[in-house]
Amino acid sequence: MLIRLFSLIFLILSFAAPSFAQSDPKPLINHLAKADFAEAEALLGQIAATGDTRVVPALQAFSDGDLYFRKSDNLVFIGKAAGAGFDLIDPVTGASAGQAAKNAVTKIKINNNLRRVIRSAMGGLTLMSPDRGVRLSAADAVLRSPSAENLDLVEAALAKETDREVKARMEEARAVSVLSSDRSVDEKRGAIQTIKALGGRNALGILGSVSGSIDASLKPDLDAAISAIQSEQQLWDMGQNVWYGLSLGSVLLLAAIGLAITFGVMGIINMAHGEMVMLGAYSTFVVQQLIRDHAPGLFDWSLAIALPVAFLVTGAVGFVIERGIIRFLYGRPLETLLATWGVSLILQQTIRSIFGPTNQEVGNPSWMSGSFPIGGMTITWNRMWIIVFSLTIFFALLFVMKRTAYGLNMRAVTQNRRMASSMGIKTPWVDALTFALGSGIAGIAGAALSQIDNVSPNLGQSYIIDSFMVVVFGGVGNLWGTLIAALSLGVLNKFLEPVTGAVLGKILVLVLIILFIQKRPRGLFALKGRAVEA
Amino acid sequence: MITSFIHRALEGKIVVAVATLLGIAVLVPALNLLTPPDSAFHIPTYVMALFGKYLCYALLALALDLVWGYCGILSLGHGAFFALGGYAMGMYLMRQIGPRGVYGNPILPDFMVFLNYKELPWFWHGFDWFVFAMVMVLLVPGLLAFIFGWFAFRSRVNGVYLSIITQAMTYALLLAFFRNDMGFGGNNGLTDFKDILGFSVQADGTRAVLFAISAIMLSLCLIVASAITRSKFGKVLVGVRDAESRVRFLGFRVENIKLFTFVVSAMFAGIAGALFVPQVGIINPGEFAPANSIEVVVWTAVGGRGTLIGPIIGAILVNAGKSFFTGAFPEFWLFALGGLFIAVTLFLPKGIVGTIQHGFRTRRAYKAAAEAEKGRDAPVAIAQAAE
C-alpha cells in the first residue's frame with residue numbers, strides 16, 4: 001500500500017516534472033536569489049532541464065558574477081555597472097528593466113563548483129539551440145571538457161539532431177562523455193573507437209586522462225587506440241615538418257632565384273645580390289609608409305603595389321650597376337666579386353644613412369595574417385602565400401627564359417657572345433637587361449621577405465651565403481636545379497633542426513654542401529657539353 | 001741547398017723590404033721605450049699597438065697573396081685560419097690567467113665556470129704549455145687547410161666554386177664558434193688576458209716585444225714566400241695560376257702543388273692570428289665573419305696581387321685609412337671601402353705595387369729595345385769604317 005502510494009507520487013512527480021520543466025524558467029531563476037550553494041545547484045539543474053535557450057545569457061552572467069537580486073522584491077536581474085548604480089536586464093527576455101542604485105541590489109554568490117555546473121548546463125542548453133553554429137560550438141565545448149553529467153543532454157540532443165556534421169561532432173562528444181561516465185564496458189569500447197577515429201592531441205589527452213581509472217578489460221583497447229593516435233600524430237608532425245621545410249625552401253628559392261640569373265646564367269658573382277633583396281624590402285616599407293599617410297584604405301593592397309615598385313627600383317639599380325661597373329669586368333668573375341662587394345657596402349651604408357640602422361616595421365595585410373588548420377597541422381597564411389608567390393615567380397621566369405624572344409637572346413648571348421653578336425643581337429643591351437631582371441627579381445623577393453623577416457640594412461647579408469649555396473648546389477645555369485636545391489635544403493634543414501638544434505643543423509647543412517660539391521663540383525644538375533668550360 | 005734556397009729568396013726588393021721591417025722591429029720599440037713621452041721622437045704605445053695590428057694584417061694579406069696572387073685560388077675563408085690561430089693563442093692566454101679570474105677557479109676559465117662546466121674539455125688540455133700552443137697555432141689552420149684542400153683540389157673544385165665553398169667554410173665556423181657549448185666562450189670569445197710567458201700583456205715592454213716579433217715574423221714569412229715563389233716550384237705555381245690544364249698535361253700533380261701552397265698559406269694566416277690576439281687582447285667569433293675575409297682580399301688587391309710586397313703595403317694602407325675614417329667620419333668608412341673595391345678592380349687591377357712594377361718594366365723594356373737598336377746599327381758602322 002505504502003509502496004503503491006510512493007510509486008503513485010513518483011509517477012505524478014515524473015509526469016509533473018516535464019510539464020514543470022516546459023514552464024517559464026523565470027521563477028526558477030528568481031529562486032536563485034535566496035538559494036544557498038546546494039540549492040542553487042539543484043535549481044541550475046532544473047533551469048537546464050527547461051531546455052529554454054533564452055536563459056543562456058543569465059547563466060553566463062551568473063558564472064561571471066554579474067547576476068544580482070533586487071532587495072525590495074527579490075527579483076533576479078543581470079546587472080551591468082553604469083555610473084554609480086547598475087543597469088538591470090531581465091534574465092530571460094534580455095529586456096532592459098531600469099536602473100538600480102548600488103546598495104539596492106545584492107550580488108548572487110557563486111563558487112567554482114557552481115561555475116562548473118553552469119558550464120555543463122550551458123553546454124547542454126546550447127546543444128539544443130536552433131542555430132546550427134551554436135550547436136556545433138557547443139558540441140566542441142563538450143569535446144574539450146568532457147564530463148559524465150553532460151552525457152544525457154548530449155544523447156538527447158543527438159536524438160534530435162538532423163544535420164550530419166553536427167551529428168558527427170555530437171557522436172564524438174558523446175563518446176568522450178561516455179568514457180568518464182559509469183556506462184557499460186561495451187559502450188565504452190565503442191566510445192574508444194570513436195575517439196580513436198577522431199585523432200589529434202585532444203583525443204590523446206582524453207584517452208590518457210581516463211587510462212588510470214578505466215576498467216582493466218578495456219586497457220588493451222585503450223592502449224591500442226593511444227598508440228594508433230600517436231603514430232598518426234607522428235605522421236602529422238612529419239607533415240608539419242615538411243611544410244616548414246617547404247616554407248623555408250621557398251624563402252631560399254625567393255632569395256636565390258635572382259642570383260640564379262645573375263650568377264647562374266651570366267656568370268657574375270653578384271655579392272650585391274643580398275642588398276638588392278634589402279632594397280626591395282625597403283621599397284615595400286616606403287610604399288607602405290606612403291599608403292599609411294595618404295590612403296590608409298588601400299593598406300590591404302600595399303603589397304600588390306609594392307611588388308612592381310620594388311621590381312622597378314631594384315631593376316633600375318641593377319641596370320646602373322651593370323652599365324657602370326660590371327660591363328668592364330666580363331670574363332673576370334673573381335673581380336666582379338670584389339666590385340659587387342664594394343657596391344654592396346655602399347648600398348648598405350646608403351640605406352643606413354637614410355633610414356637608420358634599426359629594424360623598420362613592415363605590416364602584414366589582413367589576408368596574410370592568421371592561420372588555418374589542415375588535419376593535425378597549422379598553416380599560417382603568410383607562409384602559404386610566400387610558397388605560392390615564389391613558385392609563381394619561378395614559373396614566370398622559366399617562361400620568360402624559355403618561351404620569349406628576349407629569353408632566347410639572353411641564352412644565346414650567355415652561350416656564345418660573339419656568335420650572338422654576329423647574328424645581330426645587341427649583346428650589351430641583353431647583358432644590361434638580364435642583370436636588371438635578376439636584380440628586379442631579387443627586389444620582388446625582398447618585398448615578399450619583408451613580410452616574414454626584419455627589415456634592416458643587414459637583411460641582405462643574412463641571405464647572400466644561403467643564396468649562393470642554393471645556386472651552387474642546384475647546378476649553375478639551371479633554374480630547375482635551383483628550385484629543387486632550395487626546397488630540398490629547406491626540408492633538410494627543418495628535419496635536422498629538432499635533432500641537432502637550429503644552429504648545428506645549419507652548420508651540418510653547410511658542411512654537407514661543401515662535401516657534396518667535392519663529389520659533384522658542378523652541382524646537382526650540371527650543364528653538359530661545351531657550356532661547361534665556358 | 002737550403003742556403004741556395006734562401007740566397008735565391010733574397011733578391012733586391014725583398015732584401016730592402018726585410019731590412020726595412022727589421023729596422024722597424026728595432027726602431028719603433030726603442031723609440032717607444034727609450035725616449036721620454038714629451039720627446040718629439042716618442043712613439044706612444046697605442047700607436048705602436050695599432051701598427052702591430054697592421055703588421056698582423058699584413059702577414060694575413062701576404063698569406064692570401066700566396067694562394068691568390070701566385071696560385072689563382074681566391075680564398076674567401078682566410079679569416080678562418082687567422083681566427084683559428086688566434087683562438088689557439090687565446091686558449092694559451094686563458095690558461096695563463098689561472099686563479100686570477102673573476103671566479104678564481106685555478107683550472108677552468110671564467111666562461112666555463114659561468115656555463116657550469118665541471119672539467120676542462122679535452123681539447124683544452126696542453127694549452128697551458130706555450131710550445132704546445134705554438135705548435136697548435138700552426139697545426140690547426142694547417143690541418144683544416146689540408147683536409148679542406150685535399151677534398152677540394154682533388155675533385156678539381158676551382159675558381160668561383162672554390163671561393164664560395166671557402167666562404168661557406170668560414171661561415172659554418174662562425175656559426176659553430178658562436179655556440180656556447182662549443183667550449184670556446186661563445187659570443188664573447190676569449191678575453192681578459194693577464195700575461196704571456198710570465199710578462200703582463202698590458203705592459204709597455206711586452207707590447208714592444210710583441211711588435212718586434214710581429215715585424216720579425218712578417219719578414220721571415222716574406223723570405224719563405226719569396227723562396228717558394230722564386231724556386232722552380234714557384235714557376236710551376238704561376239703556371240697553375242695561368243693555365244692549369246696545361247700544367248696538368250705536362251705531368252705535374254696540380255692538386256698537390258695547390259695543396260702545399262694552401263697549407264703554407266693557412267699556417268701564415270694562423271701565425272698572424274696568434275700575434276694579433278695578445279696585441280688586441282680579445283678573440284671572438286666575429287673574426288670568422290665572411291666579410292672580414294673579403295676585406296683581406298681587398299687589401300691584397302689594393303697593394304697588388306702577385307707581388308709579395310704589395311699585400312703588405314696594401315694591408316697597412318687600407319687599415320690606416322680605416323682607422324682614420326672610422327675615427328674622423330664613421331659614416332663614410334663603408335662608402336670609402338666600397339669605392340675602393342670598385343676603383344681597384346676597375347682602374348688598378350694590378351694594384352699599387354703591380355702598377356709601379358709594370359711601369360718600371362715597360363721603361364726597362366723600352367730602354368733595352370733602344371739599346372738593341374743601337375747594337376744592331378753597330379756592325380754596319382764597323383763595316384762602313386772598314387771599307
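Of the 387 residues that make up chain B in this predicted model, 44% count as buried. The secondary structure of the chain comes to 15 helices and four strands, and the C-alpha atoms of chain B, taken along the principal axes, fill a box of roughly 100 × 60 × 50 Å. Among the contacts in chain B with a separation of 6 or more, 79% join residues that stand 24 or more positions apart in the chain.

One pair of helices gives an example of how parts of chain B meet. Helix H3 of chain B, residues 45-71, and helix H12 of chain B, residues 290-303, have axes that come within 9 Å and cross at roughly 75°; because angles of 65 to 115 degrees count as roughly perpendicular, H3(B) is described as roughly perpendicular to H12(B). On the H3(B) side the contact involves Tyr57(B), Leu60(B), Ala61(B), Leu64(B), Asp65(B), Trp68(B) and Gly69(B), which meet Val296(B), Val297(B), Trp299(B), Thr300(B) and Gly303(B) in H12(B). Sorted by character, the residues of this contact divide into eight nonpolar, three polar and one charged.

Helix H12 of chain B also has a part in the meeting of the two chains, where 37 residues of chain B are in contact with 33 residues of chain A. Helix H6 (130-154), helix H7 (160-178), H12 and helix H14 (333-347) of chain B each supply at least two residues of the side that touches chain A, and the largest share of that side, 12 residues, comes from H7(B). The residues with which chain B touches chain A divide into 27 nonpolar, seven polar and three charged.

Turning to chain A, the domain assignment divides this chain into domain 1 (20-114), domain 2 (128-214) and domain 3, which is made up of 236-369 and 425-533. The centres of domain 2 and domain 3 of chain A, taken over C-alpha atoms, are separated by 51 Å.

Chain A offers a helix pair of its own, in which helix H11 (residues 219-265) and helix H12 (residues 273-294) pack at an angle of about 130°, with their axes 10 Å apart. H11(A) and H12(A) are therefore oblique to each other, and H11(A) passes H12(A) in a right-handed crossing. The contact is made by Ala255(A), Gly258(A), Leu259(A) and Thr262(A) of H11(A) together with His273(A), Met276(A) and Val277(A) of H12(A). Here the residues of the contact divide into four nonpolar, three polar and no charged.

Methods. Residues numbered from 1 in each chain as written. Chains lettered and ligands numbered in written order. Predicted model: local features only at pLDDT ≥ 70, side-chain atom pairs only at ≥ 80, totals over all residues. Axes fitted to C-alpha atoms, helices over the stretch in contact; angles between N-to-C directions. Parallel < 35°, antiparallel > 145°, perpendicular 65-115°, else oblique. Contact = placed C-beta atoms within 7 Å. Nonpolar A, V, L, I, M, F, W, Y, C, P; charged D, E, K, R; others polar. Buried ≥ 20, exposed ≤ 12 C-beta atoms within 10 Å, placed from the backbone. Domains from an automatic or database assignment. Left-handed = near helix turned anticlockwise from the far one by under 90°.
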